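Work through these short exercises with the structure open beside you. Try each task before you read its solution.

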Amino acid sequence: MDLLGSRGGHTAPVTGAAFSPDGERVVTSSEDGTARLWHVASGALVAVLEGHSDEVNAVTFAPNGSVIATGSEDGTAMLWEASTGAAHSTLHSPAGGLWTVAFSPDGSLLAGAGSAGMAAIWDARDNTLHATLSGHSGLMWTAEFSPDSTRLATACEDRTAALWDTRTGARMATLAGHTAPVTNVWFSADGTQLATRGDDRTVRLWDGRTGAARHTLTHAEEVHGAAFSRDGALVATGSDDTSVRLWDARSGAPRGELAGHTEAVIDVLFTPDGARLVSVCGDGSVSVWGLHTRQLQVRWDGGLDAPLMSVLSRNGRQLLIVADDTARVLDLETGAYRATFPGESHLQPDVP
């Protein structure tokens, strides 16, 4: 269902979105201070998550899908019942306004990082503060847990990333080498490798256990997206130079380029089966590539200009695309839009 003009849409730009683990629901966050829970198949608004006093910058589901976490500029993380949208708990952050929230894969911990150069880790079972991570200077853009939940990687505008022990809160390593702010971190599926993306046109590869530097992957223009293949053998990168490049994750050597984009590549994602790569361009087009043949299989118009982020459903069949004021779900098997969750510019005025 297309919800353009729906009364249920956000009243300010959408800042983030996430699939539920079963792919049946989507939650969106917004500068309007709310998050909203949607049903994908019908496009219906399930609940408005109200309680923050400032912009909601990040949103995520717990691994089992029972809880939603939001992070806000108001310096709190909130937990909500995913079935109803009812508020569950409010967690006050020592990290200032929160720009990212993430559950550990085992569901036991919740991390939030933000504007004060610090991150917080809460015990998600009793909502107590487990650890405060300090040492960065400046805004922390993202945080991601290792697959075994024992480490947390953070990215900061101070040009570094860091690796933390989630059991003790101790800093294990400072990942220095970027010459501009670091905005993203990604673990490989087995946790042995870590990739960081900086505003310096590079993605850097590190040992995911120790933080030791391995390789630097360079584009001619700004890099936006990066991803590890499921088996950890390849890294894909997408750039303003319109290229998608494949790299050997172990050696850093080039392993080919997927040609044919005419606009900046905003994101790249491997499907869970490891057979395909999805690329999202600045013009809203979505391309699906066969990794065995390195050939384009299909390209669709994603319908959104200047997308900001994209998320694959766990089964790899749906792609959630977020633009400035809208989120859309694209069926990767058919190219059809399953639902559109509108923001401010798509809300029609009331008719007397």
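**Exercise 1.** Is C281 buried or exposed?

*Solution.* The model is a predicted one. Start with the cut-off: buried means under 20% relative accessible area. C281 has a relative accessible area of 2%. Therefore C281 is buried. Now try another cysteine. C156 stands at 0% relative accessibility, so C156 counts as buried too. Next, check for bonds. A disulfide is a covalent bond between the sulfur atoms of two cysteines. The count here comes to 0 disulfides.

**Exercise 2.** Find the largest nonpolar core and say which residues have the most contacts inside it.

*Solution.* Keep one general point in mind. In soluble globular proteins, nonpolar side chains tend to be buried together. The largest nonpolar core has 15 residues. I121, L133, F145 and L152 have the most contacts inside this core. Now ask which elements give two or more residues to it. They are β10 (109-114), β11 (118-123), β12 (129-134), β13 (140-145), β14 (151-156) and β15 (160-165). A second, separate core has 14 residues, including V67, L79, V101 and F103.

Then zoom in on I121. Set aside its neighbours within four places in sequence. Among the residues that I121 still contacts are L109, L129, L133, L152 and T166.

**Exercise 3.** Locate G284 and decide whether it is buried or exposed.

*Solution.* Look in the loop between β26 (276-281) and β27 (285-290); G284 is found there. At 3% relative accessibility, G284 counts as buried. Now compare chain and space. G284 and I321 are 37 residues apart along the chain. Their C-alpha atoms are separated by 8.8 Å.

**Exercise 4.** Compare S149 and T242: what is the sign of phi in each?

*Solution.* Begin with the usual case. Most residues other than glycine have a negative phi. Phi of S149 is near 70°, a positive value. Phi of T242 is near 75°, also positive. Next, place them. S149 sits in the loop between β13 and β14. T242 lies in the loop between β22 (234-239) and β23 (244-248). Finish with accessibility. S149 is buried, because its relative accessibility is 6%. T242 has a relative accessible area of 26%, so T242 is partly exposed.

**Exercise 5.** Describe the lining of the second largest pocket.

*Solution.* First, the volume: about 170 Å³. Next, the lining: 13 residues. A62, S66, V67, G107 and A124 lie nearest the pocket's centre. Last, sort the lining by type: 6 nonpolar, 5 polar and 2 charged.

How values were computed:
Residues numbered from 1 in each chain as written. Predicted model: local features only at pLDDT ≥ 70, side-chain atom pairs only at ≥ 80, totals over all residues. Heavy atoms only, no water. Core = buried A, V, L, I, M, F, W, Y, C linked by side-chain atoms within 4.5 Å. Buried < 20%, exposed > 50% of the residue type's maximum accessible area, 1.4 Å probe, protein only. Helix = DSSP H or I, 4+ residues; strand = E, 2+ residues; numbered from the N terminus. Contact = heavy atoms within 4.5 Å. Disulfide = S-S within 2.5 Å. 1 Å grid on protein atoms, 1.4 Å probe; cavity = no way out; pocket = protein on both sides within 12 Å on 5 of 7 lines; lining within 4 Å. Points joined across faces, edges and corners; volume = space filled by probe spheres on them. Nonpolar A, V, L, I, M, F, W, Y, C, P; charged D, E, K, R; others polar.
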